[in-house]
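User: Hello! I am new to this structure and would like a close look at a single part of it, with some of the surroundings to help me find my way.

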Amino acid sequence: MLEKDRLDMEALKEDKEFQELVHDKMRYLLVTIVGFLLFYLVLPLLISFYRNQISSFLGELFLVFFWGYAFTLFIATWLLGWHYWRVATIYDRKISTIVKRKIINTEES
Amino acid sequence: MNLTYFVFFLAIVVGTLIITHWAAGRSNTTHQFYVASGNLTGFQNGMAIAGDYISSASFLGIAGLIAFHGYDGFIYATGFLVSYVILLFLIAEPVRNLGTYTLGDVVAERFPGNGMRLAVAISAIIISLLYMIPQLVASGLLIHLLLGVDYAAAVWIIGILMTLYVVWGGMFATSWVQIIKTVLLMSGTILLILILFSRVNWDIGILLDQTVKNSPLGEKFFFPGNLFDSVIESFSLMLALVLGTAGLPHILIRMFTVKDVKDTRLSVLTASWIIGLFYLMTLLLGIGAIGFVGWEELVTVDPSGNLSALVLAEFLGGDFLVAFVTAVAFATIIAVVTGLVFAATSTFSHDIYFHIIKKRKADEQEQLRVARITAIMMGCLSILLSLGMKESNVAFLVSFMFATAASTIMPLLILTFYWKRFNKVGALTGLATGFIAVFFLYVLGPQVLGIISLYNPGIIAIPLGFFSAIVGAFCAKRDNQGTSFEELKVKIHTSIGGRQ
Amino acid sequence: MFELTITLFERIGLLLIITFILTRIPIFRSLLDRDISVETVIYHAFVFGILSIIATHIGVVVKGDEIRFSPWVLEVKQDEILVGFSLVIVMIAGLLGGPFVGFGSGIIAAFYVFLIGDVGWIANSIINPLAGLAAGWTGQFFSQERVIAPNKALFIGIFPPVLHMGLLLIFLPNQKVAIDLVNTIGIPLVITNSVALAIITMMIRIALNETEREAALETNRALSITEKTLPLLRQDSFSDKAEEIAQLLYDELNVDAISVTDRKDVLAHIGLGRDHHCPGDRLKMLLSHKAIEGGEIQVAYNKKDIQCRFEKCPLTTAIMVPIYQSGEIIGLINLYYRHSQQIRTVETTLARGLGTLISNQISGLEAERMKELLKDAEMRNLQAQINPHFLFNTFNLIHSLLRVDAEYARHILVQLSQYMRANLKIANASLIPLHDEVNHLNAYLEIVKARFSDQIEVNIDIESGLENVLIPPATLQPLVENSIRHGIDIQKELGKITVKMKKIDDRVFVEVEDNGKGFPEELLLTIGKEPLAGNDGNGLALYNINERMKGLLGEHTGLHFENHDNGGIVFFELPINLRSDDEIVSESEVS
C-alpha cells in the first residue's frame, strides 16, 4: 500500500465478505484446536479410567496402541501445522483481495 | 579440571563472543536491538525459536526421564511439542500483527493505557525471571560437576556471559547464539545416536532387548504408568504444557523478529519440526542410556537421572565425546537464559521505561542506553535469585512456570484476540487471579505446606485464570475505549493498520 | 596430550609452509580470482584435491597405543589408522571456492583415502566431502567478505574435526580402539586444525590484499588516462586526434606499442615496430577485423595471430579494443606486447575498461553536440510563430478586393505569397541578411497599405552597405506591426512609422519609431522580457523577438523601448556579422 493510499477501515469493517471469511477462518481454527485438545487431553484420561477394560480388549496390541498414540501426536502436530500453512495461505489471498478493493487512492477522490 | 572439557567450554564461549561482536555492529538502532530489524528468515527464526525453547532441562532431563521411566517420559516430551499447534493456530499471527517489540504493545492495541501495559509488563517480567531460575541452577550444577568449579562461581560465569550477549549484541546476538545452539544440539544428538547404533550393529532390536533386561521395570518399561501414578497430576501437567508455550514471553517476542507475518508462520512451523525431531531423538537417547549403559551405572552417577545422556556419551566415546556433549549442553543453557534475559530486558525498557515513565519521549540513543542498563540489572537479579535456589527441583520449576504462563498470559491473549465482550477489568482480574492462584497452590502444595498433594497447579489455576477473566469482564460495563473489536479483527487477520 | 598437540603443530607447520609459498606464486594467486564457471570449479577442486592428498600424508599413523610419525607417511598397514590433515585443505577449498569446490576436492581426498585402505577408511573418506561442503555453505553464508575472517575461521575449524572423531567412533569396528584413539588425538587435532585454518585464511587474505592493491593502482592509471584524453577528444574527433591519443596511451601504459585505427586503416602507431606498422596501412590482422565486426575485445597470443609480414617484428602479442561512438564501432585501439606473459587478467581488464571509458567519452561529446543542434532547432521553432490574425485579415481583404479590383487583389496575393515565402525561411535559417528581412517587411507593408491606405505612412531609411548584416528573420515586421496596432491612433492623424538603420562603430543601430500613443508606462520595463498575453499576440511576438536575438546574437542585443512626446520608439543593436553562416539559405532555393 502506498503512503498516499488510505485503507478505508470503516468500509472494511462493515464488508460482509470480509466478516464471512474471518468467521470461516475462526471456525476452522476453533474446530481443529478443540478436536486436537480432545485428542491430546481427553483420550489419555479415558484410557486411564478404563485402563483395565481396554487392556483386556486389546491384549497384545496394547503396547502398539500406546506407542502409536504417542507417535500420532507427533505426526498430528506436523500434519496440522502443514495443513494450517496451506489453509492460511488461501485465506491470506482471499482477504488481501478484499483489502485491495477497499484501498482508496486519495488522488482519485 | 579436565583439559578436554575446558577446551570445548572455551570454544563455545569464544565462539559466542565472536558472534556477539559481529552482532554488536548491527545493534545501533532500537529496531535492530529489539527485533534484529526483522532480518531473520522464517527458517532461521524457526531455528532460533527451537534454540530458545529446548532447555537443557529437556535435553538432559527428558532423556533421563525416559531412561528411568520409559513411556511416560516420552509423553512428557510430547507435551512440549503439541503446544506448538496452539501457538501456531491461535496466538502467533495475532501477536505479530498487533505488536511491535513486546507483549505490552500487543495488548495495548486493544486496551491502550499505561495501567494495562504495566500489568502485562510485570507479568511478563515475573514469568521470565522465574523461568530463569531453574535454567541457571541446572547450568550451575552442570558446570560444577564437569569443570569442578564452585556452584556459585559457575552461576556467576553463566550469568555474566548471558548479560554480555544481550547488552552488547541485542536481539541479533541472542538469535544467532540460539541458532548455532540448535545446529550444535541437533548435530550432536544425531552423532550420538549414530554412534549408539553402530555399537549395536544397527539393530534396534538388540537395543530394545537390552533395555528390558537392564531396566528395573523390565517389561513394564515400555508401558505407560511408570511416572504418572495420579491421573489428576498427569492431567494437570499435560494441560500446563500444551497451553503454556503460548504464554511464554521469550517465545512470543520471537514472533517479531522476521520480515512479515508469513515468515512468523513459517518460523513457528519450522520450530515445531525441529523440536519434534529433537524429542524423537531424545527417545532414542533415553532408551540408549538404559539399554546400553545399564541401570546401575546411571543411578550411581546421578540418582535423579539428569545426567543419563552424558553417561551414555561417556560409554560411547569416552572423554572427548562427553566433553562435546557437555559443550552442547552448555550452549543450550546459554541460549535459553540469554533469551530470557532479553525478554525481561525488552519488556522493562520498552514497556515500562519508554512508554510509561518517559511517555514515549525518549530518543533512540537513550532507549538503547536504558535497554542495556536494564539487561545488566536483570542479569544480576537472576543470578542472585538462582544463587539461593541451589537445592530446587529443576523439572518441577519448569513445569510450574508453564502452568503459570498458561494461567495468566495465555488466557489474556486468547480472550483479547477472540472475545468481543472482553475488557480491561476482565484482563486485569484474569492476570491477578492467575498469579495468586498459582502462588497459593505452590504454598499449599507439597513443596511448602503439603496440604494439597498437587505438584502442578495447572488443572486448577488454568481454568481459574480463564474463568476469573470472563467473570471480571461481565462485571464491568462494556469497554468502548481503544480499538473496537471489529477494527481489531481487521488488524489481526490482515497485516495492516496495527504496527506502530 | 600436550606433547601430541605440539608435535601435530610441528607437522602442520609443513603444510603452512607449502601454502605460504603457493600464495607467493602468481599462478596460484589467480586461483583467488573468483570466476565461477563449471570449468574453474572443476579446475580448483582438482588443485585443492591434489593439495589435500599431500596433506593426508603429513599426518600421523596410529596403531594401538603407538603413534608413529614418519617424515613422510608412505605405508599404512591394515591395522593402522591414518589421521591426516586433508581436512584443513578441503575446508579452505570450500571457504574460497564455494561448496562445490569443497565437495569436489573432498571427493578426491576421499578416493585417495579409500585407496590407502587403512582401518578407518570409511570415516576418513566421508569426512572430507562433508567438511568441504559444510565449509563452503558456511563461507557463502558469511559472504560479505571475500575471504572469511580468521577469527571466524578459527571457530568454524573446530567442528569438522569433532565430526571426524564422531565418524571414527561410528565406523571403527573395534570399540575400545576407537574410544582410545578419539580420546588421545581428539583435542590436539581440533586445536591444530582450527589454528591452521585460521593461519591459512590469514595468509590468503594478505595475498588478496596485495592483488587488490595492484588492481587499485591499475584503476587509478586508467582513470588518469581518461582524464587526459577528454580534452583531446573535445578538440577534434577520434580520427583526427589519433596520433596524440596513441602517444598518450603509449606514455601512460606499460606497453611496447600502441596503434589507433579506424574501421579500415591504421591511423597512428607509436612504439616498437614503427618502421613497418605505418599510419595509412590497411588493417591486416584477421583479429582486428573480428574485433571491428563483432565489437568484442580480441587477444592475439602469438606471432602467427598478429600476421605481421616483417620477420624481425618484435611484437608477439596484442589486445585489440573496439571503440564505440553512440553504439557504432568507429575504430580500434591496439595494445602490443613483446611477450605473451605480459598479458594477464589485469591487462585485459584494463584494456576493456579503457575501451569503455574512451567510447563513453566520445559518445558523451557527441551527445553534447546533438544538444546544441537541438537547441538550435528550438530556436527555429520560436521563430516560426507567425501571427495568424494577419493571415485571416489578408484573406478577407483579397476576398473583398476580388469583386472590386481584381488586379489589385492579384497584387496583394503576390505580396502575401512573398511574405509567406519569407516566413518559410524563418523555419530554415536562424539568421538572414538584412536585405531579405527588409523585403519581408515591404511585402507586409504592401498588404497593410491595401487595408489602411491613407492612414499609414512608412519610411524606411537604411544606410548603404548594410545589406548583408545578419538579423534574425521576422524581427522588423512584427515591430512595425506592433507600432501599427498600438502606437497609432488611426482615426486622428496620419500614422507615421520610420525605420532607421545606421552603422555605428562595429554595430548596426536599428530603430522603429512611431507617432502614436506610445507604450503604456507601466509596461515599459516588462515588454519583451516576459510574454505578455494580449488578445492579439503581440506581447508574445515582442518576447519572441527578444529571446531569439539574445539567444543568437548575445545577451546585450535585446530590444529597448522608450516613449517620446509624440510616440514610442523601439531600438536595438546588431553586431556586424559578415561571416557567412552555412545555414543561410538564398532566396532561389525556396520556391
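User: Which parts of chain B do the buried residues of H9(B) pack against?

Analyst: Happy to walk you through this; please keep in mind that the model is predicted. The partners of the buried residues of H9(B) are H12 and helix H13 (295-301) of chain B. Helix H9 of chain B covers residues 204-214, and its buried residues are Leu207(B), Thr211(B) and Asn214(B). Looking down the axis of H9(B), you would find these buried residues within an arc of 80°, so they line one face of the helix. The spacing has a simple background: an α-helix has 3.6 residues a turn, so residues three or four places apart point the same way.

From here we can follow H12(B) outward. Helix H12 (261-293) of chain B is one of the elements that give two or more residues to the side of chain B that touches chain A. Alongside H12(B), that list holds helix H5 (71-98), helix H10 (231-244) and helix H20 (485-493) of chain B. H5(B) supplies the largest share of this side, 12 residues. In total, 34 residues from chain B and 29 residues from chain A take part in the contact. On the chain B side, 24 residues are nonpolar, 6 are polar and 4 are charged.

Chain B also touches chain C, through 19 residues from chain B and 17 residues from chain C. Here the elements of chain B that give two or more residues are helix H1 (3-24), helix H8 (151-199) and H14. This side of chain B divides into 12 nonpolar, 5 polar and 2 charged residues. Of the 2 pairs of chains that touch, chains A and B have the most contacts. Chains A and C do not touch, and their nearest C-alpha atoms are 27 Å apart.

Next, the interior. The largest nonpolar core has 268 residues, and Ile275(B), Ala289(B), Leu312(B) and Val88(C) are those with the most contacts inside it. Helix H14 (residues 308-357) of chain B gives the largest share of this core, 30 residues. Leu312(B) is a good place to zoom in: beyond residues up to four places away in sequence, it touches Leu192(B), Leu285(B), Gly288(B), Ala289(B), Phe292(B) and Val293(B). Another core, of 40 residues, lies apart from the largest one; among its members are Ala242(C), Ala246(C), Val321(C) and Leu332(C).

Two residues of that other core, Val321(C) and Leu332(C), lead us to a sheet in chain C. This open sheet has 5 strands in the order E5-E4-E8-E7-E6, with antiparallel pairing. Strand E5 (266-271) and strand E6 (298-300) of chain C are at the edges with a single partner strand each, so one side of each has no neighbour in the sheet. On average, neighbouring strands are turned by 15° against each other, direction ignored. Within the sheet, strand E7 (residues 317-325) and strand E8 (residues 328-337) of chain C run antiparallel and are joined by 9 bridges. Pro322(C) has Leu332(C) in E8(C) as its bridge partner.

Two helices pack on this sheet. Helix H10 (residues 242-252) of chain C touches strand E4 (257-262), E5 and E8 of chain C, and its direction makes about 30° with that of E5(C). Helix H11 (residues 286-294) of chain C touches E4, E6, E7 and E8 of chain C, and its direction makes about 25° with that of E7(C).

Farther along the sequence of chain C, strand E12 (residues 495-504) and strand E13 (residues 507-514) pair in the antiparallel sense over 8 bridges. Met501(C) stands opposite Val510(C) in E13(C). E12(C) and E13(C) form a hairpin with 2 residues between them, and Asp505(C) in the turn has a positive phi of about 55°. E13(C) also runs antiparallel to strand E15 (residues 567-575) of chain C, with 7 bridges joining the two. There, Glu513(C) stands opposite Ile569(C) in E15(C).

One last stop is Ala93(C), which lies in helix H4 (residues 86-97) of chain C. Ala93(C) is buried, with 34 other C-beta atoms within 10 Å. Leaving out neighbours within four places in sequence, its contacts are His44(C), Ala45(C), Phe48(C), Val101(C), Gly102(C), Ser105(C) and Gly132(C). Gly104(C) is 11 residues from Ala93(C) in sequence and 8.9 Å away in space, C-alpha to C-alpha.

Key:
Residues are numbered from 1 along each chain as its sequence is written. Chains are lettered from A and ligands numbered from 1 in the order in which they are written. This is a predicted model: local features need pLDDT of at least 70, side-chain atom pairs count only at pLDDT 80 or more; totals for chains, interfaces and linings use all residues. Two residues are in contact if their C-beta atoms, placed from the backbone, lie within 7 Å. Helices (H or I, at least four residues) and strands (E, at least two) are DSSP runs, numbered from the N terminus. Ala, Val, Leu, Ile, Met, Phe, Trp, Tyr, Cys and Pro count as nonpolar, Asp, Glu, Lys and Arg as charged, and the others, Gly among them, as polar. Two strands pair if DSSP finds at least two bridges between them. A residue is buried if 20 or more other C-beta atoms lie within 10 Å of its own, exposed if 12 or fewer, and partly exposed in between; C-beta atoms are placed from the backbone. The arc is that of the directions from the helix axis to the C-beta atoms. Axes are lines fitted to C-alpha atoms, for helices over the stretch in contact, and angles run from 0 to 180 degrees between N-to-C directions. A nonpolar core is a set of buried Ala, Val, Leu, Ile, Met, Phe, Trp, Tyr and Cys residues joined through C-beta atoms within 7 Å.
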